[in-house]
Amino acid sequence: MSDVAIQAGLLDRALRRVSTLWRDMAAVVGVGDQADADLAARLRDCLEGRGGEVSARARAAGLAEAYRTLDQSGRTEFLRALAAFDSDPAAVSKAMEKVVAAGDAAERAVATARLRRALEPPRIRLLTAFAAIPDGVKFLVDLRADLIARLDGDKLLQALETDLKGLLASWFDVAFLELRHIDWRSPAVILEKLVEYEAVHRIRTWRDLKNRLDSDRRCYAFFHPRMPEEPLIFVEVALVQGMSDSVQRLLDEKAPVLDPRQADTAVFYSINNCQRGLDGISFGNFLIKRVVGVLSDEMRNIKQFCTLSPIPGYRKWLDASLAAGEIALTEEERKALRALAPLLPPPAEGTPEPDEATILRGLLARRPPWREEATQKVLEPLLARLCARYLLKEEAPRRPGRARDPVTHFHLSNGARIERVNWKADISDNGLRQSHGLMVNYLYDPERIEDHHEAYVGEGRRAASAAIRKLAKP
């Protein structure tokens, strides 16, 4: 079965199940026939909560089912109607006057508490009502995903998204999350979700999935008790000997299975956030630290924890920097590139000979760029040096101290060290498109994780091996 078919079947079953639940709840108290009623009126009825808790949940279920059946424009209208339930300006002004007029600290504390209540918009109570229905928390996570896709400067929707993010951040605090080990014996619905959500290295077949869950592999995920069948984030780990330098070899289904007791290194090769609606609510740093702790306790033979990570921003940065003339080449690199000029189409008659940057751009435009052995001998050290510089020195636009590459920022924030750049580590189409096939190892030293985290987050200092620092120098 293809992964597309798996995803389609999974989504259809989930939607049918939850839709039936919501329709049945709404029908019990007679709100299932209100699809054509005024949306604002239905939201007000839900907010007022007449008839007790059962009726309130039924109204929320009816609204959730109505939202599920809307087209894209209808969903936008629904979200804007929900966002319109804002704080009462008069009540807020009156509460602020009480704070200003407070005569002492105790009176001010009481007035401030009342101001906070006045500031809380009614839409938060509506959002909380959705959380009480079956699959309601998942509904809200997906609702925020829809919101994020529609923001585009809409201040009303931005206010709703801010409120919803705040609720989800409190509900999805890491203290409430459960770490699970996923293997081939895990429920099929969970295995299907791995296939659906894997975005770094796609799982193409059941055999591919089984290979990633074999005895020399591990997969761990965070779950929330209100979403027991929905992984929030998961990491795939390979138990190997030595630091891996090729994802194709790491994922080779025909490679012999290693006895985990003979492994000395755990390689985190794929980390996937599963819920778009939880963007900006970080779990990754906690997940990696937890998994390092679990593996350290369970497998005393594992002495090294590292990643084999993509470099998604490298090629884009390199192409733009070459076009802008911002790449400084050494004389040795210039000489080597000039020697490769005959491999490219000759310049048009009457045009000047290409400079070294133009030659490099021409070589990199080929797929793959290292077609000849002579080309590889020039490109490997050059691209590795520029990559080390990119990882170690380039900053995100308007974010001083923050690494430009998002994966680099993620791992440095989590306390890792930039350890090694690997040539031809991902020769898939995606690997060539992102980084000309290069990947990087980040090393997680359990004894230095907190030090590296503090140095990067607090001072912008990037932990790196001596080899990386030497390589980054021209």
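This report walks through the cores, one helix, the salt bridges and some backbone oddities of a predicted model.

Residues are numbered from 1 along each chain as its sequence is written, and side-chain values use heavy atoms, with hydrogens and water left out. As the model is predicted, local features need pLDDT of at least 70 and side-chain atom pairs count only at pLDDT 80 or more, while totals for chains, interfaces and linings use all residues.

**Cores and the annotated span**

Let's start inside. A nonpolar core here is a set of buried Ala, Val, Leu, Ile, Met, Phe, Trp, Tyr and Cys residues joined through side-chain atoms within 4.5 Å. Buried is under 20% relative accessible area, exposed is over 50%, and partly exposed is in between (1.4 Å probe, protein chains only). The largest such core has 101 residues, and Phe172 and Tyr314 touch the most other members. Its top contributor is helix α17 (residues 373-393), with eleven residues; helices (H or I, at least four residues) and strands (E, at least two) are DSSP runs, numbered from the N terminus. There's also a second, separate core of 14 residues, with Ile190, Leu213, Phe223 and Cys274 among them.

Who does Phe172 touch? Beyond its neighbours within four places in sequence, the contacts of Phe172 (heavy atoms within 4.5 Å) include Val137, Val141, His224, Met227 and Phe283.

UniProt, in an unreviewed entry, puts the feature "domain: Malonyl-CoA decarboxylase C-terminal" at residues 175-445; UniProt positions are in the numbering used here, feature names are shortened, and annotations may be inferred rather than shown by experiment. That span is 37% helix and 19% strand, and its end C-alpha atoms lie 24 Å apart.

**A two-faced helix**

Helix α20 (residues 449-459) buries Ile449, His452, His453, Ala455 and Tyr456. These residues cover an arc of only 165° around the axis (taken from the directions from the helix axis to the C-beta atoms), so they sit on the same side of α20. Glu454, Gly458 and Glu459 are exposed on the other side. The cover over the buried residues of α20 includes α13 (284-298), β7 (399-403) and α18 (406-413). Just after α20, Gly460 has a positive phi of about 75°.

**Salt bridges**

A salt bridge means a side-chain nitrogen of Lys or Arg within 4 Å of a carboxyl oxygen of Asp or Glu, and the whole structure has 32 of them. Here are three pairs.

| Pair | N to O distance | Place |
|---|---|---|
| Glu161 and Arg144 | 2.7 Å | α9 (residues 155-171) and α8 (residues 136-150) |
| Arg212 and Asp208 | 3.1 Å | α11 (residues 206-212) |
| Arg315 and Asp319 | 3.6 Å | α14 (residues 314-323) |

Glu161 and Arg144 are both buried, and because they lie in two helices, the pair ties together parts that are 17 residues apart in sequence. Arg212 and Asp208 are buried too. In the α14 pair, Arg315 is buried at 15% relative accessible area, whereas Asp319 is partly exposed at 35%. Separately, Lys138, Asp142, Lys193 and Glu230 link up in a salt-bridge network.

**Backbone oddities**

Most residues other than glycine have a negative phi, and most peptide bonds are trans. The bond from Arg367 to Pro368 is cis, with omega near -10°, and Pro368 is in the loop between α16 (356-364) and α17. Arg398 isn't a glycine but has a positive phi of about 60°; Arg398 lies in the loop between β6 (395-396) and β7 and is exposed at 80% relative accessibility. Lys424, also not a glycine, has a positive phi of about 55° and is partly exposed at 30%.
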